[in-house]
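Hi,

Here is the structure I promised to pass on. Have a look at it first, and then read my notes underneath.

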Amino acid sequence: MKILVVGNGGREHAIAWKLLQSSQVKQVLCTPGNGGTANLTGCQNYPLKVEDLAGITELARKEKVDLVVVGPEMPLSLGLTDHLHQFNIPIFGPTQAGAQIEASKAWAKQLMVEAGVPTAASEVFKNPEKAKKYITQQGAPIVIKADGLAAGKGVIVAMTLEEALEAVDSLFASGFDTLIVEEFLTGQEVSVLALTDGKTIRPLLPAQDHKQVGEGDTGANTGGMGAYAPTPIATAEIMAQVQRSVLEPTLKILQQRNIDYRGVLYAGLMISPIGELKVLEFNCRFGDPETQAVLPLLETPLEDLMLACAQQTLADCLPIQWKSGSAVCVVLAAGGYPGKYEKGNEITGIADASAKGAVVFHAGTQQGETLVTDGGRVLGVTAVGEDFESAIAIVYDAVNCIHFTNLYYRRDIGHRLKAVNN
């Protein structure tokens, strides 16, 4: 098989890496890819932007690819799937109509209510003064979300009324014209990435992401500073509830709306201290960095699952098989992220990290004469161990081998595991 992967982050490097482990996959093309995919045997980068739908379509046709896999949400929300369907090119990813589940939080909220999916109480606002009046009535803590794609940074959890009112001004000033104001939920967040062919839907291993930049889950929200899987807080009972009360009702309401949804349905959940779950958000693609923790544990060939989703034969691939053990991913970021940061700093030590037993996925890198930083989240270092304790030990031993100017990472990825185990 020849497969085209759209995107340039750690998620896409992990997808390409996993696909190339199969004897069925002869070549992976990446658009645009990064320094990691450039150095991956069997992979070739093409300098096309993810929003270049015509260019991606032309490349897929010219190379006669067997499948297109879309990593980021942007091309899906622009309608890449619809574009490729015109040429009968198999694609793993929902149509533009389905991608609204991430592109519009207000649309997704209404969908959840209609489907009876448990979610936080919320109100939608297009007027900043009305939003502020509502927030003042509700009080803090409270959550303010931008209605649109914001690269994982459009959510502000305001612990004080002052922070909440400032968040309204900040998000409207950033160009968003609609905000969702939600109740503040307590508990632990869990990411469930589910595969669907529009008829059948099944979850992958549940993962936990670390969204905040600072240790102890403090500071600004980011695209994700690390992840681990499978998270023990998502027990078999909770996962059965996710299937019954979240995944299946959501797929059913999409079907009722005549939305052909094939690909990943990502449910961001909050699990309360007493085990109740509510959906915080839906995404229309694999999570990043959750993918870097989940895929190394996958036993079933990834291309089989993706092609089955595209061809609506997922039921034939079930159950999905997994390796034993635990996986932990630590993100190495450029100092200053998620604010201003430098690019172009040389990266060293990746081979040494790999020798420690880790897999290093590139997120924001560029390969020239040397490998240099080219983004806020630079690398995702992943290790698999017999248990979380061994995986964490391996991953941080590997992290210590890697160097670039102003490197920053959280030293407490997996800290919530102690609370679960105790």
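Let me start with Q312, which is partly exposed, its relative accessible area being 25%. One thing to keep in mind throughout is that this is a predicted model. Q312 sits in the loop between α12 (302-311) and β18, and its phi is near 60°, a positive value in a residue other than glycine.

K64 is another backbone spot to look at. Its phi is positive too, about 50°, although K64 is not a glycine. You'll find K64 in the loop that runs between α3 (53-62) and β4 (67-70). Is K64 buried or exposed? With a relative accessible area of 66%, K64 is exposed, because the cut-off for that label is over 50%.

While you're on the backbone, check two peptide bonds. The one from A140 to P141 is cis, with omega near 0°. P141 belongs to the loop between α8 (128-138) and β7 (142-146). The bond from Y337 to P338 is cis as well, with omega near 10°, and P338 is in the loop between β18 (326-334) and α13 (350-355).

Now for the inside. The largest nonpolar core has 49 residues, and L4, V68, I101 and V246 are the ones that touch the most other members. Which helix gives this core its largest share? That is α10 (residues 236-256), which supplies eight residues. If you want to click on one residue there, try I101: leaving out anything up to four places away in sequence, I101 touches W107, A108, L111, T250, Y261, L265, F282, N283 and C284. There is also a second, separate core, made of 41 residues, and L19, A229, V294 and L314 are among them.

R410 is worth a click as well. This arginine is in the loop between β23 (407-408) and α15 (416-421). Why does R410 count as buried? Its relative accessible area is 0%, and buried means under 20%. Which side chain does the R410 side chain pair with in a polar contact of 2.9 Å? The partner is D217. Setting aside neighbours within four places in sequence, the residues in contact with R410 include H210, Q212, V213, G214, E215 and G216, as well as D217 itself. M225, V330, Y396 and H415 are also in contact with R410.

On the surface, V157, M159 and F184 make a nonpolar patch of about 250 Å². F184 is in the loop between β9 (179-183) and β10 (188-196). At 30% relative accessibility, F184 counts as partly exposed.

Last one: L165, in helix α9 (residues 161-173). L165 is partly exposed, at 25% relative accessibility. Not counting residues up to four places away in sequence, L165 touches K132, I135 and T136. How far apart in space are L165 and P319? Going from C-alpha to C-alpha, they are 48 Å apart, with their positions 154 residues apart in sequence.

To find your way around, I'd begin with I101 in the 49-residue core, go on to the R410 and D217 side chains, and finish at the patch of V157, M159 and F184.

Cheers

Methods
Residues are numbered from 1 along each chain as its sequence is written. This is a predicted model: local features need pLDDT of at least 70, side-chain atom pairs count only at pLDDT 80 or more; totals for chains, interfaces and linings use all residues. Side-chain values use heavy atoms; hydrogens and water are left out. A nonpolar core is a set of buried Ala, Val, Leu, Ile, Met, Phe, Trp, Tyr and Cys residues joined through side-chain atoms within 4.5 Å. Buried means under 20% relative accessible area, exposed over 50%, partly exposed in between (1.4 Å probe, protein chains only). Helices (H or I, at least four residues) and strands (E, at least two) are DSSP runs, numbered from the N terminus. Contact means heavy atoms within 4.5 Å. Patches are made of residues with over 30% relative accessible area and no salt bridge: like charges are joined within 9 Å, nonpolar side chains (Val, Leu, Ile, Met, Phe, Trp, Tyr) within 5 Å. Accessible areas come from the Shrake-Rupley method with a 1.4 Å probe; for residues, only the protein chains shown count as cover. A salt bridge is a side-chain nitrogen of Lys or Arg within 4 Å of a carboxyl oxygen of Asp or Glu. A polar contact is a pair of N or O atoms within 3.5 Å; within protein, one must be able to donate a hydrogen and the other to accept it, and residues adjacent in sequence count only if both atoms are side-chain atoms.
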